Amino acid sequence: MAKRRKVGNVMALPVLALLVERPMHPYEMGTALRMRHKEDSIKINYSSLYTVVGNLEKHGFVEVVSTHREGRRPERTVYRITDSGREELEDWIRDLISRPEKEFPRFEAALSLLPVLPPDEVIELLRGRLRTLDQQVAGRAGALEQGSKDIPRLFHVESEYALVLLRAEADWIRSLLTELEAGTLTGVAAWRSLHATGRMPEEWLALQHRQNTQQPEAGTDE
C-alpha cells in the first residue's frame, strides 16, 4: 500500500522537482509545467497551484527565499526546496515506481456494470470508443516519433508508457467486440434476454444465490 503523504496532491511532485532545479515563484512553476506538457502525464489543476505550494510550505517541504514586486505586477514570492522536501520527493518517486497501486479508471467501472445497457448499444458505444482510441494512438505515436528526434528518450518514457496502454486497450476492445458481434461471449444470451423480457435471467439468479450462500454471515469469521 502506498504511503499516506502529508501533501497528497500529486501536483506536489512536479512542483518539488522544478524547485530542485532552482528557486521559483508559482507563476514560473505554472509556465514551466505548461511548456513541458506535464498535464499530459500528471493530473494538473493550475488554479490550485498556489494552494499546493502553500501546503508544501506548511509542512516544511519548501521555504520562502524572497518576495518582490516588478512594476505594477502582483507581488511574487519565490520558493526553494528544503532538505525535507528533497527527501519527500525522492521517497514518493521511489514508492510510485516500486509499488503497483490499484487505480480505479472510470472505464473499468462502466465495464463492471455493462449489463445495464443492451448488448447492441454497447457494441456501438465500444466501436465509437475504439475509433477514438485509434485516433489517439496515431496522434501520440506521431508526436512521439517527432519528439524523439530532438529529445533524449529519458524525457519521454512516460509518453511511451501511455501509448502502450492506449494500444493495449484498443486491442482488448477489438477482441471483445469480435466476441460480442459473433455472440460467443459467455453470458451474452442471458444479457439479451434481460433486455428483451425485462426480467433477471434464471441462470443469473442462480449465480447470485450461490454467491450469497458462499459469503460468511455478518459478524462471523470465515
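**Histidine 156**

I started with histidine 156 and looked up what it touches. Not counting residues up to four places away in sequence, I found Leu144, Ser148 and Ile151. This is a predicted model, so I keep that in mind for every entry. Where does histidine 156 sit? I found it in the loop between H6 and helix H7, the latter covering residues 157–182. Next I checked whether histidine 156 is buried or exposed. Its relative accessibility is 9%, and because buried means under 20%, histidine 156 counts as buried.

**Serine 48**

I picked another loop residue. Serine 48 has its place in the loop between H2 and H3. I looked up its relative accessible area and got 17%, so serine 48 is buried. Leaving aside neighbours within four places in sequence, I noted Asn9 and Met11 as the contacts of serine 48.

**The overall layout**

Time to step back. How many helices and strands are there in the protein? I counted up nine helices and two strands. Reading from the N terminus on, I wrote the order down as α-α-α-β-β-α-α-α-α-α-α. Then I asked myself why the protein counts as more spread out than a compact globule. The radius of gyration is 25 Å, well over the 17 Å that the globule rule gives for 222 residues, so the protein is indeed more spread out than such a globule. For the outline, I took the box along the principal axes: the C-alpha atoms fill roughly 75 × 55 × 35 Å.

I also jotted down some totals. Of the 222 residues, 27% count as buried. The protein exposes about 15700 Å², and carbon and sulfur atoms supply 53% of that area. Among contacts with a separation of 6 or more, 60% are between residues 24 or more positions apart.

**The nonpolar cores**

I went looking for the largest nonpolar core and found that it has 25 residues. Which of them touch the most other members? My list reads Val15, Leu16, Leu19, Met29 and Leu56. I then traced which elements give two or more residues to this core: helix H1 (12–21), helix H2 (26–35), helix H3 (49–58), strand E2 (76–81) and helix H4 (83–98). H1 gives the largest share, six residues.

I followed one of those core residues further. Apart from neighbours within four places in sequence, leucine 56 is in contact with Val7, Ala12, Val15, Leu16, Phe61 and Val62. There is also a second, separate core of 17 residues, and I noted Val122, Val137, Leu163 and Leu166 as being among them.

**Leucine 125 and the surface patch**

On the surface I found a nonpolar patch of about 380 Å², made by Leu113, Val116, Leu117 and Leu125. I followed up leucine 125, which lies in helix H6 (residues 119–147). Its relative accessibility came out at 48%, so I put leucine 125 down as partly exposed.

**Arginine 192**

My last stop was helix H8 (residues 188–197), where arginine 192 lies. With a relative accessible area of 36%, arginine 192 is partly exposed. What is arginine 192 in contact with, leaving aside its neighbours within four places in sequence? I got Pro119, Asp120 and Ile123. Finally I checked a distance across the model: the C-alpha atoms of arginine 192 and glycine 60 are separated by 59 Å. Along the chain, the two residues are 132 residues apart.

Terms used: Residues numbered from 1 in each chain as written. Predicted model: local features only at pLDDT ≥ 70, side-chain atom pairs only at ≥ 80, totals over all residues. Heavy atoms only, no water. Patch = residues over 30% accessible without salt bridge, like charges linked within 9 Å, V, L, I, M, F, W, Y side chains within 5 Å. Areas by Shrake-Rupley, 256 points an atom, 1.4 Å probe, with all protein chains shown as cover. Salt bridge = Lys/Arg side-chain N within 4 Å of Asp/Glu carboxyl O. Helix = DSSP H or I, 4+ residues; strand = E, 2+ residues; numbered from the N terminus. Buried < 20%, exposed > 50% of the residue type's maximum accessible area, 1.4 Å probe, protein only. Core = buried A, V, L, I, M, F, W, Y, C linked by side-chain atoms within 4.5 Å. Contact = heavy atoms within 4.5 Å. Rg over C-alpha atoms; globule rule 2.2 N^0.38 Å.
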